[in-house]
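The following exercises concern a single protein chain. Please look over the sequence and the model before working through the solutions.

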Amino acid sequence: MWFRDYSTPIFMNYLYTIFIAYLIGSIPSGLILSKAIWKKDLRKYGSHNIGATNAWRVLGKEAGIIIFALDFLKGLLGVFVGIWFSTGAVHNPNLLMLGGIMAIVGHSYPIFLFFRGGKSVATSIGVLTMLMPKVAVLTVIIWFLIVLFSRYVSLASITAAITVPFQACFWNAPWQYIILTVLAAILVAYRHKDNINRLLMGTEPRIY
């Protein structure tokens with residue numbers, strides 16, 4: 001088995017996928033752009049987060065959309081790394097799962113920012129788009145509807161994330177993808193723990 005023979009190319013493919021996908025996820029695109037274009041450090045404003053929602057609030061709609069797109073791209077690339085290191089005609093779902101989850105982990109805990117990153121919503125959507133497009137589309141619809149009626153981005157992100165594992169099961173996704181969705185949902189919810197406290201206290205800011 002690959003996990004017993006550390007010299008096999010298959011084992012190295014797993015290591016490469018984990019390492020490269022994590023580094024891709026760790027790229028602080030929101031921070032880089034906010035400093036380079038808008039001359040602001042997102043970590044000093046709003047929620048102090050480097051993600052798209054804080055960028056939207058602090059820098060405006062255009063910045064929020066651009067940063068969302070770049071964080072989304074990191075999720076796509078994370079899965080692509082798993083595809084790249086898959087051998088044979090059929091892509092290895094284990095590698096695709098690892099590439100996706102490591103991109104998400106990298107965005108939340110980037111090595112380049114001392115493990116203080118974003119909340120991984122956009123990156124997770126990028127991963128879902130590569131692995132389960134139907135789930136990605138439905139998740140975005142759920143997110144949009146909750147934002148539309150509640151004006152709470154955090155509530156929409158948490159709720160949409162929680163539905164993803166159930167959607168994956170409904171569409172009979174491979175078990176590796178179901179594990180990925182469970183881990184991603186837990187991570188997204190955990191990264192929103194401060195938002196959850198503010199929601200319960202009624203102090204969470206709305207978006208208009």
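A residue is called buried under 20% relative accessible area, exposed over 50%, and partly exposed in between (1.4 Å probe, protein chains only). Helices (H or I, at least four residues) and strands (E, at least two) are DSSP runs, numbered from the N terminus. The model is predicted: local features need pLDDT of at least 70, and side-chain atom pairs count only at pLDDT 80 or more, while totals for chains, interfaces and linings use all residues. Residues are numbered from 1 along each chain as its sequence is written, and side-chain values use heavy atoms, with hydrogens and water left out.

**Exercise 1. Determine which residues of α6 are buried, and what they pack against.**

Step 1. Helix α6 is mostly covered, since eight of its 11 residues are buried.

Step 2. These buried residues are A122, T123, S124, I125, G126, V127, L128 and L131.

Step 3. Contact means heavy atoms within 4.5 Å. The buried residues of α6 pack against α4, α5, α7, α8 and α9.

**Exercise 2. Compare the span of α8 with its expected span, and describe its bend and its surroundings.**

Step 1. The expected span of a helix is 1.5 Å times one less than its number of residues. Helix α8 covers residues 153-170, so its 18 residues should span 26 Å; the end C-alpha atoms are 25 Å apart, which agrees.

Step 2. The bend at a residue is the angle between axes fitted to the seven residues ending there and the seven starting there. At V164, α8 bends by about 30 degrees, and the proline P165 follows within four residues.

Step 3. Among the buried residues of α8 are V153, S157, V164 and P165. Their cover includes α3 (52-59), α6 (121-131), α7 (133-150), α9 (175-191) and α10 (193-201).

Step 4. Just after α8, N172 takes a positive phi of about 55 degrees.

**Exercise 3. Describe α1 and the place of S26 within it.**

Step 1. The 18 residues of α1 should span 26 Å at 1.5 Å a residue, and the end C-alpha atoms are 25 Å apart, which agrees.

Step 2. The buried residues of α1 include F11, Y14, Y22 and S26. The buried residues of this helix pack against α4 and α5.

Step 3. S26 belongs to α1, which runs over residues 9-26. S26 counts as buried because its relative accessible area is 1%.

Step 4. Not counting residues up to four places away in sequence, S26 touches G106, H107, Y109, P110, I111 and F112.

**Exercise 4. In the loop between α2 and α3, state whether K39 and D41 are buried or exposed.**

Step 1. K39 lies in the loop between α2 (29-36) and α3. K39 is exposed because its relative accessibility is 65%. Its phi is near 60 degrees, a positive value in a residue other than glycine.

Step 2. D41 is found in the loop between α2 and α3. D41 is buried because its relative accessible area is 10%. Leaving aside neighbours within four places in sequence, D41 is in contact with L31, S34 and K35.

Step 3. H48 is found in the loop between α2 and α3. H48 has a positive phi of about 65 degrees, although it is not a glycine.

**Exercise 5. Describe the largest pocket and the second largest pocket by volume and lining.**

Step 1. On a 1 Å grid over the protein atoms alone, a pocket is an open set of points where a 1.4 Å probe fits, with protein on both sides within 12 Å along at least five of seven lines; lining residues have an atom within 4 Å of a point.

Step 2. The largest pocket has a volume of about 1000 Å³, where a volume is the space filled by probe spheres set on the points, and grid points are joined across faces, edges and corners. Of the 48 residues that line the largest pocket, T53, V121, W143, V153 and S157 are the closest to its centre.

Step 3. Ala, Val, Leu, Ile, Met, Phe, Trp, Tyr, Cys and Pro count as nonpolar, Asp, Glu, Lys and Arg as charged, and the others, Gly among them, as polar. The lining of the largest pocket has 26 nonpolar, 16 polar and six charged residues.

Step 4. The second largest pocket has a volume of about 430 Å³. Of the 16 residues that line the second largest pocket, S47, H48, N49, G117 and R191 are the closest to its centre. Its lining has four nonpolar, five polar and seven charged residues.
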